Amino acid sequence: VVWNAETGVPYCNAIVWDDLRTVDIAAEIAQGEADRFRNKTGLPLASYFAGTKVKWFLDNLPSLKMDLASPEKRTKVRFGTIDTWLLYQLTGTKSNVKGAANSGGMFITDVSNASRWLFLNLHTGQWDEELVQAICAPHSLPMSALPEIRSSSEVYAVCSKSCGVPTFDGVPIASILGDQQAALFGQCAFSPGEAKCTYGTGLFLMMNTGEKIVPSTHGLLTTAAYQLGPEAPITYALEGSVSHSGSTIQWLRDQVELIQDAPESEVFARTTQHNDGVYFVPAFSGLFAPHWRSDARACIVGMTASCHKGHVCRAALEAAAYQTKELFDAINKDSHVSLQSLKVDGGGTGNNLLMQFQADILDIKVVKPAVMETTSRGAAFAAGLAVGVWQDVEEVHSLWAISQVFEPSISAEERALYWKGWQKAVEKSKGWIQTYDVAEDDTTSKPRGISSSNALSKVGFGATSMAIATVCAFALGVLLGGARKK
């Protein structure tokens, strides 16, 4: 989100993480070297990250360019991810300017969210001006336009009813965490080598690496996981991110109308005992980790005349498990840790066929926790630690419990056969797109090739997985931060 600090008015709608208009921007910045800044950022140059969105705003918004050209107005420009925007609103007061809710709020983020911008130097835990100017070139972005970086668990502010939500009056805001980092914390993966996989709109496998920054040579992200207080060290993680998981099932429902609701995908998938050689590679936005191929597109391969919608549903569900295995193998290679089980969460874990196949293809136990909303729970845990609801992570860990375990049930030969087929299918998806083209003057309409749910979101009302997860996590942090009052 980009807005004016004086008025509180956004320059345009928010732009979401899987918006494809920044693909060419990422390629332009990379100059043929996607890992150009990885030593500092831990990230490849890809459209996924916030820095490319900042560059898109700078390239395409005339009003923003005018304000940045003014010595006085450029100090009023603010860029922020959804956590920063929410905090600004919760700590601000009602604005009388049309198009604004509140103004004058705090302008901060935490280290976990900051680490996904392409602007953060992982080694210092602060914004790196060289990175900022290199990503934004030829534009000059003042460092005042970026939020202050704070820890993930501390009392940042206390809400007042002037923010527009009277019930929040006196409630401390005590945690900020990125979506997947909050899920890692909610799964109580506090020790190096512990990992979780979240099956949401996308799919995200993350492993705690402790205070050690572990560079990836297998297509993963090196990221800040959390920081429990201003004086605490930063805990880091390795992460693999996949753009389409649950959204693949949504595509079956909304775009091709193959199913009426998500649970029906499992019903139809169970009408065939095997995939019969059918594979679905859901590269609707290209392939993310570990491939990072923006030229890839979705494909269904291996069909014969006897295939039916049960095969397509099974292939769509199995795709999530195959993509998880790709990330799982990469994390094992980067970390030199062989995971013996995998904690899972997110909406996809409600599908027992997917969870069983996940255990089968990984050849390890898959563990579901008793509480599945781990992102919100992680933010709540961090807030509770900040205000003294719990004394330490050991006490928090005692609250975690198992609800179900899936054990591997297929032979090594069958597993190898499935995996070989998936690898062939992935190769078929690559190389479809050469360039990405949208109208030069189109700053508000839906980008081509993106489903309606992923179009530009109205600020504060964006129905995207990242926005919703962050909103829920942040709100739980706010609410639990007030638990001490009660």
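Two strands are taken to pair if DSSP finds at least two bridges between them, and in this predicted model strand 13 and strand 14, which run antiparallel, are joined by five bridges. One of the contacts between them can be followed residue by residue, since Thr-223 has Ala-237 in strand 14 as its bridge partner.

These two strands belong to an open sheet of seven strands, whose order is 13-14-12-11-17-18-19 and whose pairing is mixed. At the edges stand strand 13, residues 221-226, and strand 19, residues 402-406, and because each has a single partner strand, one side of each is left without a neighbour in the sheet. From one strand to the next the twist averages 30 degrees.

At the end of the order that carries strand 19, the partner is strand 18, residues 365-369, and the two pair in the antiparallel sense over four bridges. Within that pairing, Val-367 has Val-405 of strand 19 as its bridge partner. Towards the other end, strand 14 also pairs with strand 12, residues 203-210, again in the antiparallel sense and over seven bridges; here Leu-203 stands opposite Val-242 of strand 14.

Strand 14, which spans residues 235-242, deserves a separate look. How many of its eight residues are buried? The strand is mostly covered, and eight of its eight residues are buried. In a regular strand the side chains alternate between the two faces of the sheet. In strand 14, Thr-235, Ala-237, Glu-239 and Ser-241 point one way, while Tyr-236, Leu-238, Gly-240 and Val-242 point the other way, and all of them are buried. The polar and charged names in this list, Glu-239 among them, are thus covered as well, because each counts as buried.

Val-242, the last residue of strand 14, leads on to the empty space inside the model. Rolling a probe the size of a water molecule over the atoms shows where empty space is left. The structure holds two cavities of 30 Å³ or more. The largest has about 40 Å³ of space and is lined by Val-242, Leu-287, Phe-288, Ala-289, His-291, Gln-323 and Glu-326. By class, this lining divides into four nonpolar residues, two polar ones and one charged one.

The second largest cavity has about 30 Å³ of space, and its lining consists of Val-242, Ser-243, His-244, Pro-282, Ala-283, Gly-286, Leu-287, Phe-288 and Gln-323. Five of these residues are nonpolar and four are polar, with no charged residue in the lining. Val-242, Leu-287, Phe-288 and Gln-323 appear in both linings.

The backbone has a few places that call for attention. Most residues other than glycine have a negative phi, and most peptide bonds are trans. Ala-289, one of the residues lining the largest cavity, is joined to Pro-290 by a cis peptide bond with omega near -5 degrees. Pro-290 is placed in the loop between strand 15, residues 279-281, and strand 16, residues 299-301. In that loop between strand 15 and strand 16 lies Trp-292 too, whose phi is near 55 degrees, a positive value in a residue other than glycine. Another cis peptide bond runs from Ala-137 to Pro-138, with omega near 10 degrees, and Pro-138 is found in the loop between helix 7, residues 129-136, and strand 8, residues 148-150.

Cys-188 likewise has a positive phi, of about 60 degrees, although it is not a glycine. The residue sits in the loop between helix 8, residues 179-186, and strand 11, residues 195-199. Is Cys-188 buried or exposed? With a relative accessible area of 0%, Cys-188 is buried, because buried means under 20% relative accessible area. Cys-197 counts as buried too, at 0% relative accessibility, and Cys-12 is buried with a relative accessible area of 13%. As for bonds between cysteines, the structure holds zero disulfides.

A contrasting loop position is that of Gly-164, found between strand 9, residues 153-158, and strand 10, residues 172-175. Gly-164 counts as exposed, because its relative accessibility is 58% and exposed means over 50%. The C-alpha atoms of Gly-164 and Thr-93 are separated by 7.6 Å, with the two residues 71 apart along the chain.

Definitions and conventions:
Residues numbered from 1 in each chain as written. Predicted model: local features only at pLDDT ≥ 70, side-chain atom pairs only at ≥ 80, totals over all residues. Heavy atoms only, no water. 1 Å grid on protein atoms, 1.4 Å probe; cavity = no way out; pocket = protein on both sides within 12 Å on 5 of 7 lines; lining within 4 Å. Points joined across faces, edges and corners; volume = space filled by probe spheres on them. Nonpolar A, V, L, I, M, F, W, Y, C, P; charged D, E, K, R; others polar. Disulfide = S-S within 2.5 Å. Buried < 20%, exposed > 50% of the residue type's maximum accessible area, 1.4 Å probe, protein only. Axes fitted to C-alpha atoms, helices over the stretch in contact; angles between N-to-C directions.
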